[in-house]
Amino acid sequence: MATELPEIPGHLLAEIFLRLPAPEDLARTSAACVAFRRLVTDGPFLRRFRRLHAPSLLAFLDLEGFHPALPPHPSAPAAAALAGAGADFTFSFLPPHCAWIIQEIRDGRVLLARDHGEDERPPVFKELVVCDPLHRRYVTLPPLPSTLADSVLLHPAPVTRMPWCEPCLAPLGEDDTAFTVICVVHCETKLATFVFSSATGQWLPSASKGWSELFRGRRESGADASVREPTSSNSPLDPTFLRRHYAYGCFYWESTMAKRKDLLVLDTRTMEFSITDLPSKGWGTLGVAILEAGGGELGLFGIRDQPAGGKPDLCYTVRESKGGQWQMVRTIALGSGCLHYIKASTERYFLLVSADAPRWLGSSFKMPDLEYFSMDVKELQLQRVRRSRDLISIVNSKQLFSFGSVEFSQN
């Protein structure tokens with residue numbers, strides 16, 4: 001007579017799932033049933049799996065929603081599994097009293113800020129939520145206490161530029177049941193930060209540093225200078241062109257679109273600001289990507305200025321240690337006849353946009369389709385993701401596998 005097989009204990013299932021060859025296989029396992037999803041989204045299991053398997057890029061978000069990678073991209077099967085798992089990237093479960101704008105995606109959580117539309121003077125500190133799109137849960141952050149807000153909003157003398165706040169979602173620590181949001185406030189004369197921890201439910205003041213102190217001793221050498229010291233104590237960075245990157249526990253801000261060659265750094269482990277340099281020569285204004293090259297090395301991709309009649313090059317440089325020299329590793333020809341632009345990056349990947357030049361067809365003006373290519377810093381090969389429009393952020397499998405690992409309060 002046939003006998004019923006005993007159920008496999010959870011700890012043995014975990015050992016089996018740890019031996020799956022790729023993150024995409026774990027994504028399919030998560031979508032198979034509730035019991036498997038609960039096991040593979042458990043915090044200790046995820047930490048063990050991440051140590052054994054590198055994350056892979058799955059999709060990106062733009063103004064039109066969630067766009068999974070399509071074949072022949074190697075992540076297409078796992079991206080399809082995520083798309084079919086019921087995640088709500090329209091954020092329809094958030095409070096309906098306003099529209100929301102994505103600020104950052106990290107470790108399965110999405111940070112959004114209230115959209116104030118065409119308000120002439122939107123508030124410096126906007127309403128914020130952190131949500132889990134896979135399980136449709138969210139936490140509304142409390143407003144910044146007035147005593148903390150006044151410390152940067154009230155000035156003894158008139159200012160020419162009002163402060164602006166940039167909320168950042170910090171990477172998870174060992175305790176992945178809590179998340180941290182860092183608000184970096186760019187003031188005219190200084191930088192200030194406020195930190196919210198879901199473990200305490202409170203905002204606390206943190207790092208603060210004056211621009212003149214940050215740039216002290218750095219010389220000005222013309223409009224295209226790689227570094228310069230401000231002529232006054234005012235901010236030397238133009239918020240219009242400021243873009244943020246993350247690698248190895250640090251946020252980096254660069255303004256290569258404004259032809260600046262310095263990097264503003266915030267180390268989230270020490271909550272200290274500093275200034276460091278980009279490679280000094282050859283960088284254009286078509287975006288850079290700062291990535292984790294492995295072994296503690298910081299990697300940087302950029303499109304080198306195109307010589308007259310020449311072809312654009314994608315250059316990869318590496319810095320071995322903090323404050324060390326940048327070393328050129330590889331140059332990749334991108335080909336002529338197209339516009340290429342580095343749009344966004346995450347710890348290991350960046351997204352390159354490629355488009356033909358706009359042209360007239362008869363009496364109409366045809367805008368080109370945009371093609372998105374991913375680059376893995378380990379593989380150094382461009383792989384086509386799909387055709388799409390404007391990019392907001394990148395979703396990778398590290399974020400997918402973290403979905404559901406936070407205990408959200410019921411709002």
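**Exercise 1.** In which loop is the place of proline 72? Find it, then inspect the peptide bond that leads from proline 71 to proline 72.

*Solution.* Keep in mind as you work that this is a predicted model. Begin with the secondary structure: proline 72 lies in the loop that runs between strand S2 (65-68) and helix H5 (76-83). Next, take the torsion. Omega is near 10° for the bond from proline 71 to proline 72, and this bond is cis. For background, most peptide bonds are trans.

**Exercise 2.** Classify the ring pair of tryptophan 211 and phenylalanine 215, and decide whether these residues are buried or exposed.

*Solution.* Start from the total: there are 14 aromatic pairs in the structure. One of them joins tryptophan 211 to phenylalanine 215, with 6.3 Å centre to centre and 40° between the planes. Now apply the cut-offs: centres must lie within 6.5 Å, planes under 30 degrees apart count as stacked and those over 60 as edge-to-face, and the rest are tilted. The pair of tryptophan 211 and phenylalanine 215 is therefore tilted. As for exposure, tryptophan 211 and phenylalanine 215 are both buried.

**Exercise 3.** Describe the backbone and surroundings of phenylalanine 91.

*Solution.* Locate the residue: phenylalanine 91 belongs to the loop between H5 and strand S3 (99-106). Then read its phi, which is near 60°, a positive value in a residue other than glycine. Check the accessibility next. Buried means under 20% relative accessible area, so phenylalanine 91, at 10%, is buried. Finally, look at the ring: Phe91 is linked by ring pairs with Phe93 and Tyr138 into a cluster.

**Exercise 4.** Work through aspartate 107 in the same steps: loop, phi, accessibility.

*Solution.* Aspartate 107 sits in the loop between S3 and strand S4 (109-115). Its phi is positive, about 55°, although aspartate 107 is not a glycine. With a relative accessible area of 7%, aspartate 107 is buried.

**Exercise 5.** Over which ring does the charged end of arginine 106 sit?

*Solution.* Follow the side chain of arginine 106 to its charged end, which sits over the ring of tyrosine 246. The distance to the centre of that ring is 4.3 Å.

**Exercise 6.** Which residues make a nonpolar surface patch of about 250 Å², and how exposed is leucine 12?

*Solution.* The patch is made by Ile8, Leu12 and Ile16. Within this trio, leucine 12 is found in helix H1 (residues 10-18). Its relative accessibility is 40%, so leucine 12 counts as partly exposed.

Notes:
Residues numbered from 1 in each chain as written. Predicted model: local features only at pLDDT ≥ 70, side-chain atom pairs only at ≥ 80, totals over all residues. Heavy atoms only, no water. Phe/Tyr/Trp six-rings, centres within 6.5 Å; stacked < 30°, edge-to-face > 60°. Buried < 20%, exposed > 50% of the residue type's maximum accessible area, 1.4 Å probe, protein only. Lys NZ or Arg CZ within 6 Å of the ring centre and 35° of its normal. Helix = DSSP H or I, 4+ residues; strand = E, 2+ residues; numbered from the N terminus. Patch = residues over 30% accessible without salt bridge, like charges linked within 9 Å, V, L, I, M, F, W, Y side chains within 5 Å. Areas by Shrake-Rupley, 256 points an atom, 1.4 Å probe, with all protein chains shown as cover. Salt bridge = Lys/Arg side-chain N within 4 Å of Asp/Glu carboxyl O.
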